[in-house]
Amino acid sequence: MPWYYKQADSISRSEVEDLSRRVLDEAKKRLGCEFRRVLLLPPDLTRAHSGAGWITETIYNALPKSCDTHVIPTLGQHVPHTEADNRWMFGSIPNERIHAHDWRNGVTRIGTIPASLVAESTKGKADWDIPLDLNTSLLKDKWDLIINIGHVVPHEVLGFANHNKNYFIGLGGKETICASHLAAAVYGIENNLGSLITPLRACYNWAEEKFLGHLPDVYLQVVMKRDAQNKLMHSGVYVGDDPETYLMAARASRTQNITTFDKPIKKIVAVMQADEFRSTWVANKAIYRTRMALADNGELLIIAPGLERFGEQPEVDAIIRKYGYCGTPKALAQYKQNKDLQDYAHATAHLLHGSSEGRFKITYAPGHLSRQEIEQVHFSYADLKETLARYNPERLKEGWNKMADGEEIFFISTPSAGLWSTKERLAGRTETVLLAAAKEA
């Protein structure tokens, strides 16, 4: 059970800050912490809207000044923050205390998730080992306390974000991330989204118990929902060190963050904020979170004023430009034949996730990419200025809108904060709950 939690229609920032500071008192009591060296593991700036940055700052400032406190944003393979990014997200935390995770050269192997377990979990769709390479500082430095901070929200790979995703993806190495993402992708993005325990999370739960049980760690997780004015508010704070802490938060998110419809939607307009989403790698969350709601031959229009690239690394950017979002059969066929896709298997997984499989149209209105670049990866292009003139986010209301010419659209201002689906598609799946350690209470 959680150490403590709070659920409410709305939890104010001051209450969240109080609940965040409380983790230190609880850790001292439960773990006997002396607070000499503490590690904080927040998400990166693509989760900034969750308040994770100021929550991290609150805990940092609540620790004794004598404490040797360090922060590692759980970047995974995302682009490291600049000093300006860190200041924007983490406020007063000194930049020299914030360290970039190096997914290539800054990891140490702790073990392997065996192929037999991966195959059992994915029902035979993936049958390879997942090597476990995690951040070297996490594993080899001496920590009195490790606090994982994050937002539990529907997620395309692990069903819901946060919890031990912080370790195995956020602080994972290249081989771990590649093998994991491809396993989740071949199992099927629509089978993962909004499931409490996906095959990959079942594997991670097993690995956490086997390899990371010695860590003096705790999870501080938040859940958010929209209030009567459609503003995102904190509705849950869950703190603890066991799987049930994650499950409580995920159940709340599943209730509050999944919007269902009786019939598919013909057109969705979504905004990916410029200060958080600069590549299709992260901006494609608009595709992931809405695909189960879109009608066949419908359209998803993504307004992305900060979009300047496709991948988070030059090599992955080049792969996306080369192959494009071409659909699962073609991408997997290319994977079998081409070494670049095999070397960056997570990029192959991303190509699967980002394709509509020809079922609906994906249109991007980007801030810094040309028509030729967008169309080269098999998306449709819309001029940003013209799109904003017609679909002004400042004038559209969350949900259904009728344009002056009679066009009906469904507007989503923060796709990364939820999941949208028809009732039929959501109900048509069998949720995977495997392994005794991963079962729901």
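This is a short conversation about one helix pair and two cavities in a predicted model.

Trainee: Why is α13 called oblique to α16?

Mentor: Helix α13 (residues 314-323) and helix α16 (residues 345-353) pack at an angle of about 45 degrees, with their axes 10 Å apart. Roughly parallel needs an angle under 35 degrees, and roughly perpendicular runs from 65 to 115. The angle fits neither range, and that makes α13 oblique to α16. Their crossing is right-handed.

Trainee: Which residues make the contact?

Mentor: From α13 come V316, I319, I320 and Y323, and from α16 come H346, A347, H350 and L351. By class, that contact has six nonpolar, two polar and no charged residues. His falls under polar because it is in neither the nonpolar nor the charged list.

Trainee: How many cavities of 30 Å³ or more does the structure hold?

Mentor: It holds two. The largest cavity has about 420 Å³ of space, and the second largest has about 30 Å³.

Trainee: What lines the largest cavity?

Mentor: There are 30 lining residues, and R47, H78, H155, K165 and K285 are the closest to its centre. Helix α6 gives the largest share, four residues. Helix α16 turns up again here, as one of the elements that supply at least two residues each. The lining divides into ten nonpolar, 15 polar and five charged residues.

Trainee: And what makes up the lining of the second largest cavity?

Mentor: V118, T122, I130, A183, P199, L200 and C203 line that one, with helix α9 (residues 199-211) giving the most, three residues. Six are nonpolar, one is polar and none is charged. Cys and Pro count as nonpolar, so C203 and P199 belong with the nonpolar residues of this lining.

Technical notes: Residues are numbered from 1 along each chain as its sequence is written. This is a predicted model: local features need pLDDT of at least 70, side-chain atom pairs count only at pLDDT 80 or more; totals for chains, interfaces and linings use all residues. Side-chain values use heavy atoms; hydrogens and water are left out. Axes are lines fitted to C-alpha atoms, for helices over the stretch in contact, and angles run from 0 to 180 degrees between N-to-C directions. Angles under 35 degrees count as roughly parallel, over 145 as roughly antiparallel, 65 to 115 as roughly perpendicular and the rest as oblique. A crossing is left-handed if the near helix is turned anticlockwise from the far one by less than a right angle, and right-handed if clockwise. Contact means heavy atoms within 4.5 Å. On a 1 Å grid over the protein atoms alone, a cavity is a set of points where a 1.4 Å probe fits but cannot get out, and a pocket is an open set with protein on both sides within 12 Å along at least five of seven lines; lining residues have an atom within 4 Å of a point. Grid points are joined across faces, edges and corners, and a volume is the space filled by probe spheres set on the points.
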